[in-house]
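User: I am new to reading structures. Can you help me see how labels are earned?

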Amino acid sequence: MRQAFFARNTVTVARELLGAVLEATGPDGAMTSGRIVEVEAYEGENDPASHAGRGPTPRSEIMFGPAGFAYVYLIYGMHHCLNFVTENEGTPGAVLIRALEPLAGREVMTARRGVDSRRSQDRDLTAGPGRLCQALGVDLGWNGIPLTGDIPGPEHAPILRVGLPPKVPRVIEKTSRIGISQATEKLYRFLDPDSRCLSGTR
DNA sequence: GAATCGATGATCT
DNA sequence: GATCATCGATTCA
């Protein structure tokens, strides 16, 4: 994907990310990848559930910058969440990656997750925003890195890339976002209902 | 299978 | 000092 893909309306980008491949290469050189099956859109001023909902702060500033960068933050003191910054500079927006179907690097993922490699299911690895970050090795050190090759990035930083969908979802389901108490009327959670790797109970 | 609850630290007021 | 875009263990069924 090019930067222009991300520099559009946040909800549009969120929907079109479903089915796409997310590939992560850590500082250790280990590569893991997965098919995106669940995302959420977060906007700016008119979205109180968003970190950008009440103006820029040191943490959310990146959401107000140019599209095509990773926004990573720590939640509940122990889990990381990975977002893709969207929209043009000056307009805040981001898409939270909530679930993947594991593709490459399953051994690395099971090791990072600390689960039994024989008994573990795909959903134990990458169903949920915190789980998938742990499986891909994503932490605060990944915050601010570029998502596309057309943006120059730091030398020895980890690498995140987004590729075309190997399989486009048959349908896209939309629901209220998970874990928020404000703006629950917005149906900004998008998912591939055919996937067995969705977050929450299943 | 569903409901409840505590862990734990960066960020913001 | 309060909040939090979550997870896993525990409990009850």
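The questions and answers below deal with a predicted model.

User: Why is glutamate 87 called buried or exposed?
Analyst: Buried means under 20% relative accessible area. Glutamate 87 has 17% relative accessibility, so it counts as buried. Its place is in the loop between β4 (79–85) and β5 (94–102).

User: What makes the phi of glutamate 87 worth a look?
Analyst: Phi of glutamate 87 is near 70 degrees, a positive value in a residue other than glycine. Most residues other than glycine have a negative phi.

User: How do you know whether alanine 183 is buried or exposed?
Analyst: The same test applies: under 20% is buried. Alanine 183 has a relative accessible area of 11%, so it is buried. Its phi is positive too, about 55 degrees, although it is not a glycine. Look for alanine 183 in the loop between β7 (173–175) and β8 (189–191).

User: What makes a set of residues a nonpolar core, and which residues have the most contacts inside the largest one?
Analyst: Its members must be buried nonpolar residues joined through side-chain atoms within 4.5 Å. The largest core has 35 residues. Leu17, Ile36, Phe84 and Ile97 have the most contacts inside it. Apart from this core lies another, of 12 residues, among them Tyr42, Ala52, Cys81 and Ala94.

User: Which residues does phenylalanine 84 touch?
Analyst: Leaving out residues up to four places away in sequence, its partners include Phe6, Leu17, Ile36, Ile97 and Val162.

User: How do you know that tyrosine 76 makes a polar contact with DNA strand B?
Analyst: The limit for a pair of N or O atoms is 3.5 Å. A polar backbone atom of tyrosine 76 is 2.3 Å from a base oxygen of DNA strand B. That pair passes. Glycine 77 also passes: a polar backbone atom there is 3.3 Å from a base nitrogen of the strand.

User: What makes the link between arginine 59 and DNA strand B a polar contact?
Analyst: A backbone N or O atom of arginine 59 lies 3.2 Å from a phosphate oxygen of DNA strand B. That is within 3.5 Å, so the pair qualifies.

User: How do you know that histidine 51 and tyrosine 42 make polar contacts with DNA strand C?
Analyst: Use 3.5 Å again. A polar side-chain atom of histidine 51 lies 3.2 Å from a phosphate oxygen of DNA strand C. For tyrosine 42, a side-chain N or O atom is 3.4 Å from a sugar or linking oxygen of that strand. Both values are within the limit, so both pairs count.

Conventions: Residues numbered from 1 in each chain as written. Chains lettered and ligands numbered in written order. Predicted model: local features only at pLDDT ≥ 70, side-chain atom pairs only at ≥ 80, totals over all residues. Heavy atoms only, no water. Polar contact = N/O pair within 3.5 Å; in protein donor to acceptor, adjacent residues only side chain to side chain. Buried < 20%, exposed > 50% of the residue type's maximum accessible area, 1.4 Å probe, protein only. Contact = heavy atoms within 4.5 Å. Helix = DSSP H or I, 4+ residues; strand = E, 2+ residues; numbered from the N terminus.
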